[in-house]
Amino acid sequence: MAGLEGMEQPRGDGRVTASRWSPTVDDERALKAVELFGNPTEAEVPLPSRPESAATARRLVQVVVLREWGLTAKIAEDAVLLVSELVGNAVRHTGARVFGLRMRHRRGWIRIEVRDPSRGLPCLMPVQEMDTSGRGLFLVDKLADRWGVDLLPRGKTTWFEIRVTDR
């Protein structure tokens, strides 16, 4: 149904199904994603520009934030939600075949970047309570401590940063 992407849709029998991501440390699919695609803390990980790549990006972020960086489930949950929004924008609005995912951690901050070949800038739009789309950057703006876009000679990097307490 147009305009209802990401919304739960009823099945033919009237029941509603939903697949929800759960921030569990022992998510084997997250570890498998690192094996298959690479570690986004070591180098940019290229992912195909398809809707299902959002799940891969979420898993990569989850495993890095929880296992490698040892941060809280709340930080992981926020980072997973925000990377999903950035990936969704890259997949829907850029026409790219591939986008890149990169993660960085420095004292007190994490930074997650999504690079794509489009130089079209994302636009933070006002949202209303009943809007079914267009909330991605609104969520990024509300949950991230900082976010922005760096224009590149060929494309752009959209990023967000979250303040963290290092253990």
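Is His105 buried, partly exposed or exposed? In this predicted model, His105 has a relative accessible area of 32%. Because this value lies between the 20% limit for buried residues and the 50% limit for exposed ones, His105 counts as partly exposed.

The surroundings of His105 help to place it in the fold. His105 belongs to strand S2, which covers residues 98-106. Once neighbours within four places in sequence are set aside, the contacts of His105 are Trp69, Ile110, Val164 and Asp166. Glu161 lies 56 residues away from His105 along the chain, yet the C-alpha atoms of the two are 9.5 Å apart.

Ile110, one of the contacts of His105, leads on to the nonpolar core. The largest such core holds 36 residues, and those touching the most other members are Val65, Val83, Ile110 and Phe160. Two or more residues come from each of helix H1 (28-37), strand S1 (45-48), helix H2 (53-68), helix H3 (73-93), S2, strand S3 (109-116), helix H4 (136-143) and strand S5 (155-163). H3 makes the greatest contribution, with 10 residues. Val65 offers a handy view of the packing: leaving out residues up to four places away in sequence, Val65 touches Gly70, Leu71, Thr72, Ile75, Ala76, Ala79, Met103 and Ile110. In soluble globular proteins, nonpolar side chains tend to be buried together.

A word on confidence is useful here. The chain has a mean pLDDT of 82, with 78% of its residues at 70 or more. Residues 1-21, however, have pLDDT below 50, and this stretch makes 17 contacts in the model beyond near neighbours in sequence. Predicted coordinates should not be read in detail where pLDDT is low.

Methods. Residues are numbered from 1 along each chain as its sequence is written. This is a predicted model: local features need pLDDT of at least 70, side-chain atom pairs count only at pLDDT 80 or more; totals for chains, interfaces and linings use all residues. Side-chain values use heavy atoms; hydrogens and water are left out. Helices (H or I, at least four residues) and strands (E, at least two) are DSSP runs, numbered from the N terminus. Buried means under 20% relative accessible area, exposed over 50%, partly exposed in between (1.4 Å probe, protein chains only). Contact means heavy atoms within 4.5 Å. pLDDT is the predictor's confidence in each residue, from 0 to 100. A nonpolar core is a set of buried Ala, Val, Leu, Ile, Met, Phe, Trp, Tyr and Cys residues joined through side-chain atoms within 4.5 Å.
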